[in-house]
Structure formats: structure tokens, C-alpha cells
Amino acid sequence: AIFARAATAAAAADDDCARTRAMAPPPSKQPRREDAIGPQYAEHLRALRGLMKEEAVECLIVSKATTFFWLTGGRCYVPTIEEAGPSKVFVDQEKAVVVTTAIEEHKMRNQECPGWEVRAAPWAGLPGTQDAIVAELVAGRPCEQDTGRLADRLEELMVDLTPSDVEAYRELGRDIGAALEEAARSVSVGDTEYKVAGLTHLAYNKRGIDLVMIAVAHDERIAWDRHPLARLGNNGDGAGGTELKKVCMIATCGRRQGLICSLSRLVCFGEVPEELRKIHDACMQVDAEINMATVPGKTADECYSLLTKAYTDRGFPEQMLQHHQGGLIGYKCRHWIAQPGSDKVIKAGRAYAWNPTIAGKTIGTKSEDTIIVDKEGKVMNITPSPTWPYKEVKTADGKVFPRPDILVK
């Protein structure tokens, strides 16, 4: 009887389980971990997987800082001078995993790459501990690096801006234009070039922008050096001190979440010298000519020829050979510059930064902003400084492009 009652109870339990299974909803498909990645970077991941499929790449390791920025929006390095760091990304058609160290794990998971799957290796035993994680993910398949045969095509992907990229770029441009104006307006007579660089760092950093290039020159040094790295002066180089007397030039490249804007501004204390007025007017005209000629289909060689003519028409033919004139920008300060004979092509949906300069006998100048050529081929200046003095500069074919004038204090 005892066994019979037990059998009856067991049968009833089986019936209950069957009914429960019948009533339960079908198991839902678990979302992939990467579904939590932000839309801007999820789109980049899809584009990367498309390229990998097209090129028959089963597994890819992304370790270059520029490519890591584009893919995740995060910083993979610790010292900013490094082109790679302790974090990298493994990608195949099913998984996308940030592989890092225990030291970086919290930062990568919660700050730099939110939404991404993160796996961390013990720091003791590096690089072997990290290599073991990568080997497990690769699982014996062929694996390539972002520095290998896909490097050129990856760079083409990076500079093709999605609508989300354009929105982020325009936000960066607004902030960086305001930041450089703030720094320039805070400059005082007697400041060293290094102090001006520090003021510029402060204005950029408070807006979450890292300065990846800063050039500062005062007075006659603006004519001497096209890439004037800040100095304290009195270094025994014959240049003397760098304390500002009258004219200050600040040239910058600022980066946020990988995207870089490039822009320059000039400040003059008191009346603008005649020579500076003449060369800055000419520089703004050259700048307007090349910016308004940045149209889809034009080659870098054609841009070079146009710039050569623009300098020559204004009486400064030699200046074309004194400094490069800029070109394609994005996740590098320049992805390419306009070179004679180059077949690089201007394309819609990309960013460009031109930087004409003119050196006079006693002073020099520069005109520079970052533009986006939108999908319709229209040029947008994305780095205007909000209350900076601008001039409406007319090109030879009648177009008008506002250029930053000299701020007089």
C-alpha cells in the first residue's frame, strides 16, 4: 500500500510538471552581450564585421589606439604617447570582447567601454595571461591584427562618418571652438609659450577634450617655426625668452572619444601691425578658397594645385613649399595631406582640416578650422568660436566663407 501511494504521488507530480511545461512561455532567446553597446559603436562593429566577412577574416585583434577609439569610443592606453595599450578587442562574427588586465578591468567595463563584454587577465604573468584569453577566444582559427592587411581598408571605414559620428563631431567642434576662444582670451602680455599651452590645456580638459597637439608661438617666432612647440625660452638656442610682447598664435588638435578637430587662432595686443594685417588677409583668402573647393570627387593633387595658385595669386608663391596645407582628418590629426600627384579623393561624409600659413619678415600667421563635407556635398565649419571676430571672405568664384580674424585685445 505504501509503495502504491508513492507511485500515485509520483504520477501526480509528473502530471503537474507536464502541465507547467505546457503553460510556460517558450524560452526567449538571450540577447547578445554586445546588444548593450551604444548605437554609434554598434554600427562601427557591424561595419567591421562586414569588412571581415568580405575579406574572409575569421578573427581580428584590434589593438591600435586609433582603431580601438573608432570601434569602442574608449581609451586603450595609459601613457598618452603610446599607439597601443593594455586593452585590445577580439572580434569574430559572434563575439566582440575587450581583453584587458585586472588593473584596467573596472575602468574598461564601466567607463571606457560600457556595454562591451570585458575579460581581464592577471597582471602577474603578462603577456602570457592575456595571450591565454585571446587563444581561448580564437580557438585555433586563423587570426589577424588591425595592423596587418586590413589596415588600409580599416582606415577607410574609420573616416566614413555615420550620422551618429557627425553628431558627435559637431558637438566636439562646438566645444573645442569655445575652448580655444576661452584660452586665447585669457592670454596676457608677459606669458611664456608654456603658460599659454597650459591655459589651453585647461580650457580643453574642462570640456573632456585631450590635446594631442599644441603649438604656441609668440611674436617673431611665428615667422620662424611652422610647428612651434611651446618653450620657456632662454635655452641657449639664440631665440631668447618666449614672454609674449604683442602677438600670440595657438594651433591645436583636440581629441574626444577618438575624433579629432584641428583649429588655430591669433591674438594681438594693441593695433595690428601692417605686415600682419596684410599676410593674415591673404591667408584667410587662401583658406576660404581651399575650404569652398573641398567638394566630392576632387583629388588631393587638384587641391594642391588650387592651393599653389591661391598663394601665387596673392603674391606669396614660396609659402606653398614652407608647410603642408592639411587634408583629411578624423581619428588622426591627418589621415592624408594634399600632395602633388596624389590620387586621394575628397568624399562626402568625411571631415577635412586645411591649414594655410604665411611667414612675413617679422611676423607670421595661420588660418585653420575643421569642416565636414556632408552627404549633399555641402561644407560645414564645425569648429567656430562663438564670439570670435570673423571676416566674410569671398573666393575668386564669388562664394563666401567666414574666416577667423585676429582677436585684438
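The expected span of a helix is 1.5 Å times one less than its number of residues. The exercises below apply this and similar rules to a predicted model.

**Exercise 1. Compare the reach of helix α7 with its expected span, and examine the pair Glu181 and Arg185.**

Solution.
1. Helix α7 covers residues 163–185, which gives 23 residues.
2. From first C-alpha to last, α7 reaches 33 Å, close to the 33 Å expected at 1.5 Å a residue.
3. The buried residues of α7 include Asp165, Tyr169, Leu172, Gly173 and Ile176.
4. An α-helix has 3.6 residues a turn, so residues three or four places apart point the same way.
5. Glu181 and Arg185 are 4 residues apart in α7, about one helical turn.
6. Their side chains form a salt bridge, with 2.8 Å from N to O.
7. Glu181 is buried at 4% relative accessible area, whereas Arg185 is partly exposed at 37%.

**Exercise 2. Determine which parts of the chain are tied together by the salt bridges of helix α6 residues Arg153 and Glu156.**

Solution.
1. Side chains of opposite charge can pair when their charged atoms come close.
2. Glu55 and Arg153 form a salt bridge whose closest N and O atoms are 2.6 Å apart.
3. Glu55 lies in the loop between α2 and β1 and Arg153 in helix α6 (residues 151–159), so this pair ties together parts 98 residues apart in sequence.
4. Both partners are partly exposed: Glu55 has a relative accessible area of 22%, and Arg153 one of 35%.
5. Arg350 and Glu156 meet in a further salt bridge, at 2.7 Å from N to O.
6. Because Arg350 lies in strand β11 (residues 350–354) and Glu156 in α6, the pair ties together parts 194 residues apart in sequence.
7. Arg350 is buried at 2% relative accessibility, while Glu156 is partly exposed at 32%.
8. The whole count comes to 35 salt bridges.

**Exercise 3. Classify the aromatic pair Phe69 and Tyr77, and describe the cover of helix α3.**

Solution.
1. A pair of aromatic rings is described by the distance of the centres and the angle of the planes.
2. A search of the whole structure gives 2 aromatic pairs.
3. In the pair Phe69 and Tyr77, the ring centres are 6.1 Å apart and the planes stand at 70°.
4. Planes over 60 degrees apart count as edge-to-face, so the pair Phe69 and Tyr77 is edge-to-face.
5. Phe69 is buried at 3% relative accessible area, and Tyr77 is buried at 7%.
6. Phe69 is one of the buried residues of α3; in this helix (residues 65–72), 8 of 8 residues are buried.
7. Gly73 follows α3 and has a positive phi, near 80°.

**Exercise 4. Identify the backbone features at Ala56, Gln257 and the bond between Leu126 and Pro127.**

Solution.
1. Most residues other than glycine have a negative phi, and most peptide bonds are trans.
2. Ala56 has a positive phi of about 55° although it is not a glycine.
3. Ala56 is placed in the loop between α2 (39–54) and β1 (59–62), and counts as exposed at 66% relative accessibility.
4. Gln257 likewise has a positive phi, near 50°.
5. Gln257 is in the loop between β7 (247–256) and β8 (259–268) and is partly exposed at 45%.
6. Leu126 and Pro127 are joined by a cis peptide bond, with omega about 5°.
7. Leu126 belongs to the loop between β4 (117–121) and α5 (128–138) and is partly exposed at 35%.
8. Together with Ile103 and Trp123, Leu126 makes a nonpolar surface patch of about 340 Å².

Methods. Residues numbered from 1 in each chain as written. Heavy atoms only, no water. Helix = DSSP H or I, 4+ residues; strand = E, 2+ residues; numbered from the N terminus. Buried < 20%, exposed > 50% of the residue type's maximum accessible area, 1.4 Å probe, protein only. Phe/Tyr/Trp six-rings, centres within 6.5 Å; stacked < 30°, edge-to-face > 60°. Patch = residues over 30% accessible without salt bridge, like charges linked within 9 Å, V, L, I, M, F, W, Y side chains within 5 Å. Areas by Shrake-Rupley, 256 points an atom, 1.4 Å probe, with all protein chains shown as cover. Salt bridge = Lys/Arg side-chain N within 4 Å of Asp/Glu carboxyl O.
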